[in-house]
Amino acid sequence: MKEIGVVRPIEILLVEDNPGDVELARVALADSKVTNRLRVVEDGESALDYMHRRGRFSGAPRPDLVLLDLNLPKKDGREVLAELKSDPNLKRIPVVILTTSSAEEDILRTYNLHANCYITKPLDFKQFHKVIKSIENFWLSIVVLPAD
Amino acid sequence: MCNPARGLTAGSCIAKAEGRSVETPAADEEGQRLKHVEAVLESFPEILYVVDPETDRVLYVNRILQDMLGGSPIGQLCYEAFQGLDAPCSFCTNDIIRAGGRYTWEHSNPKLGRTYRLVDQMIDWPDGRRVRFEYASDITELKAAQEALHLRNLVFLSSMASISIADPRGIIHTVNPSFVSLWGFKDAAEASGMSLTDLFLHPQQARSMMEALAGSRGSWEGELTARRLDGTTFIGHCAASALKGRDGEPIGYQVTSLDITARRHAEADLERTLDALNRSNQDLQQFAYLASHDLQEPLRMVASYTQLLGEKLEGKLDQDCRKYIEFAMDGAERMQRLIQDLLSFSRVGSHEEKMVDVDMNALLGEVLNSLEVQIRETSATVTGGGLPVLKADRTQMVQLLQNLVQNGIKFHGTAPPLVHVACTEESDAWHFTVTDNGIGIEEEYLEAVFQIFRRLNSRREYPGTGIGLALCRRVIERHGGRIWTVSSPGHGSVFHFTLPGGAGLSPDQ
């Protein structure tokens, strides 16, 4: 992954319907030491279309990391996660749940659906920034992921 | 047979003596007849005796009476010998007998302990006297049976349940007063002759009851919609059974009914209320989740962007502006804590299946670990031990102990906080105490501290949402225990709570 990263930017798909949160993620990732490209879709259905490269996403690059909110319009994050993790082709892509909810059942349920990790969005920006940095650091620098 | 002891001696022995002296065929025939009479009287299975009505002295008793008395009473006073009384009985001496009539009555004999039907009349005695002859039949068993029957009839007549008795075709023979009033008849006679099936709204239901009664089981129990004489209806709980004669053949049926309309309506009301309550509870849980999630998102926007703004304008803001940003951040943080506490509060009681064995000692250790920073910052000493293993919802026990210990640390005075957790075993409960040396609570607020959002101190001195103790109470009540506090200002507080268990119950029950 690191070797590939030199060649092309890391592809991150953010599934998030709140423009405020999208902006925060953008700001946090802007000064990243890894070259990345943040793509955003706003609902679960678009997220699945993107992942399957359907319709307007037919030319979309395969993401290296998915940041998934749980409460989304149309299909919600749990459905998106379930579908991704049951697809033999897509289940290798790490999915980080990034949500406001700190409800026990949400945490349990998403891990049971094979989420790679669960993060509750912190209240203030400094914390949020740290969280995005550590996601980036862990998933894009430390972890060795399959080539494709 | 000529036994002087039993008093017939006079007559029969004289007859024999005369017979021997005057040997005529007629006398011989008369002698034979007397012998027969004596044989019959002596072996008669019920009491016979003769008394002189003037002196009340006994003249004759038959063998069965003599055996019962255990010796001959001849010549004794009849009321003494037979009854153990010290004066003549009024009924033996009444005018009907004296006037030559026959008098019949019933009497319980105190000496023999039996009840008799007595027949008295005057007869001619061989010596020319008029004497009183009595014949007594033992009716003790008959009387007892009558008494029992009377009692049963009383039950039938006074029963609150309405009872009807029908013949094998289901035609009503008799009913009790409760039946009359329940079905709205004038009297029992009005009901007799009706078919049992006419008593109910749906004849088919009544017919299946009759079929069950005629079947091998011979009984039926259930609910039927009954129809009164005026056409109104009620829900009847009916228990019916076949009545069998001595030969085991059915001779009819009895149907016992109770009007359970009010009970059924109350049950239906209760069920509706429960349904509504469950729905409302579910709605509330759903609402709490949505509220906490959906309320937090805008809050995060406010906090994050206020902060971001502060960063962007770094150096361009004066002290006031920085303070405003701080206030905005502080407000958002408090709002978030409030939402999260409210969420935990609303969740208590939603996981019935989570009752497990909880080692409260180990749990206290965990709580102390998570309070480590606070303990260090306040130089608090928290002690405790000897806590039991008990059946509880683990997460909620953590919330409970954490809140109580945290309060003990938080509400400290000038001295460093001391908090002690202990437990004693009572007959049916574990009794916990969390004792602190803090600021204490005024008496009038001892109850109020457990109310949600109830705070006794300023946020500046003691920050908090006012949910902690309300949550503790909810946890305790959900576990079937009690929570209360004993405290006075300046002398610390002791929070008491009980959890079911103790000596009577082992943890795995």
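**View 1. Helix 14 of chain B gives the lining of the largest pocket its largest share, nine residues.** This is a predicted model: local features need pLDDT of at least 70, side-chain atom pairs count only at pLDDT 80 or more, and totals for chains, interfaces and linings use all residues. Residues are numbered from 1 along each chain as its sequence is written, chains are lettered from A and ligands numbered from 1 in the order in which they are written, and side-chain values use heavy atoms, without hydrogens and water. The largest pocket (an open set of points on a 1 Å grid over the protein atoms alone, with protein on both sides within 12 Å along at least five of seven lines) comes to about 1400 Å³, a volume being the space filled by probe spheres set on points joined across faces, edges and corners. Of its 50 lining residues, D341(B), N403(B), Q406(B), I467(B) and G468(B) sit nearest the centre; lining means an atom within 4 Å of a point. Both chains chip in: helix 5 (104-112) of chain A, plus helix 11 (319-347), helix 14 (394-410), helix 15 (468-478) and strand 17 (493-500) of chain B, each supply at least two lining residues. Helices (H or I, at least four residues) and strands (E, at least two) are DSSP runs numbered from the N terminus. By class, the tally is 17 nonpolar, 21 polar and twelve charged (Ala, Val, Leu, Ile, Met, Phe, Trp, Tyr, Cys and Pro are nonpolar; Asp, Glu, Lys and Arg charged; the others, Gly among them, polar).

**View 2. Chain B meets chain A over a buried area of about 1900 Å².** That figure is the accessible area (1.4 Å probe) that the two parts lose on being put together, summed over both, and carbon and sulfur atoms give 52% of it. The contact (heavy atoms within 4.5 Å) draws on 21 residues from chain B and 23 from chain A. Look for Y289(B), H293(B) and R300(B): they supply 29% of what chain B buries against chain A, more than any other three residues.

**View 3. Five strands of chain B make an open, antiparallel sheet in the order 2-1-5-4-3.** Strands pair if DSSP finds at least two bridges between them. Strand 2 (58-61) and strand 3 are the edges, each with a single partner, so one side of each has no neighbour in the sheet. On average, neighbouring strands are turned by 25° against each other, direction ignored. Three bridges join strand 1 to strand 2 of chain B, and V50(B) has Y60(B) as its bridge partner. Helix 6 (140-158) of chain B lies across strands 3, 4 and 5 and runs at about 130° to strand 4 (axes are lines fitted to C-alpha atoms, for helices over the stretch in contact; angles run from 0 to 180 degrees between N-to-C directions).

**View 4. Here is the largest cavity, with about 110 Å³ of space.** A cavity is a set of grid points where a 1.4 Å probe fits but cannot get out, and the structure holds six of 30 Å³ or more. Lining residues of the largest one include Y49(B), F82(B), H107(B), Y116(B) and E134(B). The lining is made up of eight nonpolar, three polar and one charged residues.

**View 5. The second largest cavity has a volume of about 60 Å³.** Its lining consists of P53(B), D56(B), C92(B), T93(B), I97(B), R98(B), M122(B) and R132(B). Sorted by class, that is four nonpolar, one polar and three charged.
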